[in-house]
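Welcome! Keep the structure open beside you and try each exercise before reading its solution.

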There are 2 protein chains.
Amino acid sequence: MIIDCHGHYTTTPAAVGEYRAAQEAALRTEPGHIGVKGIMAISDDEIRDSLEGAQLKFQGERGTDLTLFSPRASWMGHHIGNISTSIFWTQHCNELVARVCGLYPDNFAPVCQLPQSPGAPIGPSVAELRRCVTEMGFVGCNLNPDPSGGFWTGPPLSDRTWYPLYEAMIELDVPAMVHVSATCNPNFHTTGSHYLGADTTAFMQLLTSDLLKDFPDLRLIIPHGGGAAPYHWGRFRGIAQDMGKPPLAELLLRNVFFDTCVYHQAGIDCLLSVIPADNILFASEMIGAVRGIDPETGHFYDDTRRYIDAATLEDESRAKIFEGNVRRVFPRLDARLTKGTTA
Amino acid sequence: MIIDCHGHYTTTPAAVGEYRAAQEAALRTEPGHIGVKGIMAISDDEIRDSLEGAQLKFQGERGTDLTLFSPRASWMGHHIGNISTSIFWTQHCNELVARVCGLYPDNFAPVCQLPQSPGAPIGPSVAELRRCVTEMGFVGCNLNPDPSGGFWTGPPLSDRTWYPLYEAMIELDVPAMVHVSATCNPNFHTTGSHYLGADTTAFMQLLTSDLLKDFPDLRLIIPHGGGAAPYHWGRFRGIAQDMGKPPLAELLLRNVFFDTCVYHQAGIDCLLSVIPADNILFASEMIGAVRGIDPETGHFYDDTRRYIDAATLEDESRAKIFEGNVRRVFPRLDARLTKGTTA
């Protein structure tokens, strides 16, 4: 079985964008606007249409089985509006993902976004995580380390204001993928520099802080192949050593995992040669940041299964990366698969 | 000959820190304080003492010949004080580097920092570049893409406010290394996430903008192995392709170069397998971000010559990386070496 731990609903029906546009319009006339949840009217057929020729088609063509599916990351847009904006938007996005997973229980398992907002307390995120996991069967969440959208004005992940969320994650036995959203800072490109920079930033926050000492059972996934971390593994090993920290394997690798969203063979080979197989989770992020076909290979850049297949790797390691690790990091997914249903 | 294109004067005599502390003290009592240049009293013997047991010793031990030497990057601190703070500090730092290179003309060639300051015009940077190159024989400069120190509140490198600097660089025939300084944002770690994130950010600004179309003769070095760029080369190729841009080789590689400050073999191997040899410049950043010995190899993490020596590489490519490319990117260095003196 091949489980893709990183997919977003990037092909949503038009009503999703329309709901968001209405929120933004209300905020333009009144920046502190407190809305109502309202309705995001989407039929099951519209959902099917949005997936059958897209994610589901690629799953079939690429031979992957199940995708951990979350709302579109670049649209989380935590910097837009206020906490009320974020709560209602997030509830709709998560409920839509739950419907996707209900319609295609063998193909998708749900991961939620959180209603973060710059300067807002973490309580609503804890509540939404709890609602998603206990009422709708979600198996994980996406946590935005920079709700400001590229200005990094909030506290680092090691700050105690985040701790109630980590406590809830451990209680509910779900991991988080640390994943920023779109940037509103013109210095950054969302899926280019902002995503990768945030991945490296989060990794470094974990390396330098005592967060994982305080939460030895926390599990965090650094997406996009860990940002720059594996490529600069020697730098990070050396910095930790200079700081008097234990080796990275001991310091981080009981809690931190990297996905395989690296879109060329040499990058995947670097990842696989540096990071232990136990800490790598298969992922493609399809349909996501890069949608074209690589003229050098004739295949989609984000068909990451091909790179893992082509890599020099023990069968046991490949099986861990494709399935075993994801089931270990997402125990609620494992429980469903063991019971024979992902619904 | 082996030329290290990336070294900072990180081991300065105490008077340097004392000068800076006095500036900061004056700014604490009066945030808009306009100082005077004053004096940074350092003897030639103090300079010799600061280098003989450090950079010069390592050059000898590691078998490298010449280092392009600039003021300590993390101390540029463009976010501290105002433009007057930055001008005086920068003048002293550059003059000190000029003295180093005068004392050891076979070992060091000077690269300057620029008196940037958040929101300040670029004029003083142009003037200092001109002074350093025409009066003191500098061969390049370091350009900070984020003078705010980690809040990224200024314009991207493609903004026209930077253009007078690029015009001067081309007129003077000197390249810039795009290098941030210390971060004052607690989300970032200076030499871990801030440096690498800024490298990737700058790379992406070049990829998405028309800057290199406007300045086809501009030469920029992205340090620290290009941040995350080579590791994610497929992602960047794909993003450019999705944007309808030409291939990266055509779009960027006539102007953009990467150094070899990657502190483990697997990372260097990734860099060398992805980036053409013509675009890679040897560098170690010694003595810099990582100062320890790698227990896995028994050698200093930042002894990057060993990784290049051990890599599978044609002799011709190795010669380009160690010497030829640096001389091509820094023509004023090449002219001196051809004349037989680096002084």
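Below are four exercises on this predicted model, each with a worked solution.

**Exercise 1. The sheet of chain A**

Task: Find the order of the strands in the open sheet of chain A, and say which strands stand at the edges.

Solution:
- Step 1. Trace the sheet: eight strands of chain A form an open sheet in the order 1-2-3-4-5-6-7-8, with parallel pairing.
- Step 2. Look at the ends: strand 1 (3-9) and strand 8 (280-281) of chain A each have a single partner strand, so one side of each has no neighbour in the sheet.
- Step 3. Zoom in on one pair: strand 5 (residues 176-178) and strand 6 (residues 220-222) of chain A are joined in the parallel sense by two bridges. Here M177(A) has I221(A) in strand 6 as its bridge partner.
- Step 4. Add a helix: helix 7 (residues 190-208) of chain A packs on the sheet and touches strand 5, strand 6 and strand 7 (256-259) of chain A. The direction of helix 7 makes about 140° with that of strand 6 of chain A.

**Exercise 2. The sheet of chain B**

Task: Work out which strands of chain B pair on one side only, then follow one of them to its partner.

Solution:
- Step 1. Chain B has an open sheet of eight strands with parallel pairing, in the order 1-2-3-4-5-6-7-8.
- Step 2. Its edge strands, strand 1 (3-9) and strand 8 (280-281) of chain B, each pair on one side only.
- Step 3. Strand 8 of chain B runs parallel to strand 7 (residues 256-259) of chain B, and two bridges join them. D259(B) has L281(B) in strand 8 as its bridge partner.

**Exercise 3. Two helices in chain B**

Task: Decide whether helix 4 and helix 5 of chain B are roughly parallel or antiparallel.

Solution:
- Step 1. The axes of helix 4 (residues 83-103) and helix 5 (residues 123-136) of chain B come within 11 Å and cross at roughly 15°.
- Step 2. Angles under 35 degrees count as roughly parallel, and helix 4 and helix 5 of chain B are therefore roughly parallel to each other.
- Step 3. Helix 4 of chain B passes helix 5 of chain B in a right-handed crossing.
- Step 4. Residues that meet include I83(B), I87(B) and A98(B) from helix 4, and P124(B), R131(B) and M136(B) from helix 5 of chain B. The contact residues divide into six nonpolar, three polar and three charged.

**Exercise 4. Where the chains meet**

Task: Describe the contact between chain B and chain A.

Solution:
- Step 1. Chain B gives 57 residues to the contact, and chain A gives 57 residues.
- Step 2. About 4,400 Å² is buried between the two chains, 56% of it on carbon and sulfur atoms.
- Step 3. On the chain B side, N187(B), Y231(B) and R235(B) lose the most area to chain A, together 20% of what that side buries.

Note on methods
Residues numbered from 1 in each chain as written. Chains lettered and ligands numbered in written order. Predicted model: local features only at pLDDT ≥ 70, side-chain atom pairs only at ≥ 80, totals over all residues. Heavy atoms only, no water. Axes fitted to C-alpha atoms, helices over the stretch in contact; angles between N-to-C directions. Helix = DSSP H or I, 4+ residues; strand = E, 2+ residues; numbered from the N terminus. Parallel < 35°, antiparallel > 145°, perpendicular 65-115°, else oblique. Left-handed = near helix turned anticlockwise from the far one by under 90°. Contact = heavy atoms within 4.5 Å. Nonpolar A, V, L, I, M, F, W, Y, C, P; charged D, E, K, R; others polar. Pairing = 2+ DSSP bridges. Buried area = accessible area lost by both parts, 1.4 Å probe.
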